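Biologist: Could you take a close look at the main nonpolar core of this chain and set it in the context of the whole fold?

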Amino acid sequence: MIFGKKKKSADKKESSGEIEVPNLEIKAMGVGKEEAVGLLIACRQLPGYPLAVVLVANAINTRADRILIDFSAQGAVARYRVDGIWESLPAMDRPTADALLVVWKKVLGLNPVERKARQDGKFATNFRDIDWVISFMSTGVPTGERVLFTIERKKPVLKTLTDLGMRDAVQVTLKGMLNGDKGMVVISAPPTHGLPTTWRVGLDNADKFVRDWVLIENKKNQEPDIINVTEFYYEDGVETAEQVFDKVRLKQPDVYVLPSLISPQIVEAVLGQIHKENKHSVTRIVANDAVDAVIQILKQNPKHAKALLGVMQGALNQRLIRRLCESCKQAYQPTPQLLQKLGLPAGRVPKLYKPTIPPPPEQRVDAKGNPIEIEICKRCNGRGYFGRMALFELLVIDDKIRKAIGQFLESPDELRKFIKQSGHSGFFEEGVLACALGQTSLEEVQRVMQGK
Ligand SMILES: [Zn+2]
């Protein structure tokens, strides 16, 4: 048994170890409709089909958003990523894993014999009344082959800044910045910390009814649609970003959305629009914190660093953190010393919470070594956490901070210290607040702070 559920019925199937195949329809994308149906019918007959389907259905059931399978000479190990944490499944032998992989390659119209060159496929499915789009990628690696499934909902569920976990006070400041003029706002996050989602939700929630918003980007970096932002893409070899910018400028938009600061010419053009025409701009960068975001942008644009710093109004950064499971989180009374260490006023936070993590199976025994039944939370399945939220750091760049950035450009830690001393709330402070609200635990804040 790998990770399937055996049929409970007492018929012969159980003794033969047959797996109950979940009802997961597979509509391959990128191949003709009839071909997709034909492929599916053929694949249903393959020995690896039940396990192939169980692998993906179980991933959705456990809320995983990635499945990674590493094939080596010895066998294969599959892992699910749940709330950002990788969990290994029991190892598979090579014939079992190969059979499973053949099914996925065939059903998506890829070449099942090709185990070195990269292959990409995609399929749509409706599972548990939700529409999903699942991407498949396989590629040869020095140790064998690597396979990655990316599981996404067809319709995004996170719509508001509150959905992302942003406090009201931070929302007010951020919206003020996005709806401002004559400036630049930076939205950032470390890799895999949900930057595309916050970018979309942040822009969706800015005021776009009285002002015209435009987006300029390379066609090969196509962006998901943002409500009421008109997109202008330039195509390499057809026209340049500067040519597109000039055309867009004539339409007199109010806000320029630049997922990347394309080139020094574009930076100069945007700065010109901000200074001469009171226009506004929003950009995005992968960065570890707000200070890192600002410094990276300035350093990548040495010629315009001073001018950029002059118009920057703020930088948002975020880290994803797991929410405690509401069904099994445990309250405890923090000691006055702990509260003091966390900077929380005594008496204001009577309780903090920690996750319920059951001991591993081998430790679930009494003093005599007899197994004992331990109840595992049905909601989180013993993970102690369920779902994630973001901790937000919003750096407001006023004249005092702007001056400090210019001064400490080469010593970011000094800059961080200065910013903290001026009362800026960083990830630690935001994390402690989330703990005080019972949303997460101190150990989870620590884990995320350490970038684990
Ligand atoms: Zn739970």
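**The nonpolar core and its setting**

Modeller: Of the 452 residues of the chain in this predicted model, 33% count as buried, and that is the background against which the core should be read. The chain has 15 helices and 17 strands, and its C-alpha trace spans about 80 × 65 × 40 Å along the principal axes. The largest nonpolar core comprises 73 residues, and those with the most contacts inside it are Val 186, Ile 216, Val 257, Ala 293, Val 294 and Leu 316. The element that gives the most to this core is strand β17, residues 385–396, with seven residues. Apart from this core lies another one, of 35 residues, which includes Ala 36, Ile 67, Phe 71 and Trp 104.

Leu 316 offers a useful view of the larger core at the level of a single residue. Once its neighbours within four places in sequence are left aside, Leu 316 is in contact with Leu 174, Val 186, Ile 187 and Ser 188, with Ala 290, and with Phe 392 and Leu 394.

As for the chain as a whole, among contacts between residues at least 6 apart in sequence, 64% join residues at least 24 apart. The division into domains gives a further frame: domain 1 covers 12–153, whereas domain 2 is made up of 168–322 together with 389–449. The centres of domain 1 and domain 2, taken over C-alpha atoms, are separated by 37 Å.

Definitions and conventions:
Residues are numbered from 1 along each chain as its sequence is written. This is a predicted model: local features need pLDDT of at least 70, side-chain atom pairs count only at pLDDT 80 or more; totals for chains, interfaces and linings use all residues. A nonpolar core is a set of buried Ala, Val, Leu, Ile, Met, Phe, Trp, Tyr and Cys residues joined through C-beta atoms within 7 Å. A residue is buried if 20 or more other C-beta atoms lie within 10 Å of its own, exposed if 12 or fewer, and partly exposed in between; C-beta atoms are placed from the backbone. Helices (H or I, at least four residues) and strands (E, at least two) are DSSP runs, numbered from the N terminus. Two residues are in contact if their C-beta atoms, placed from the backbone, lie within 7 Å. Domain bounds come from an automatic or database domain assignment.
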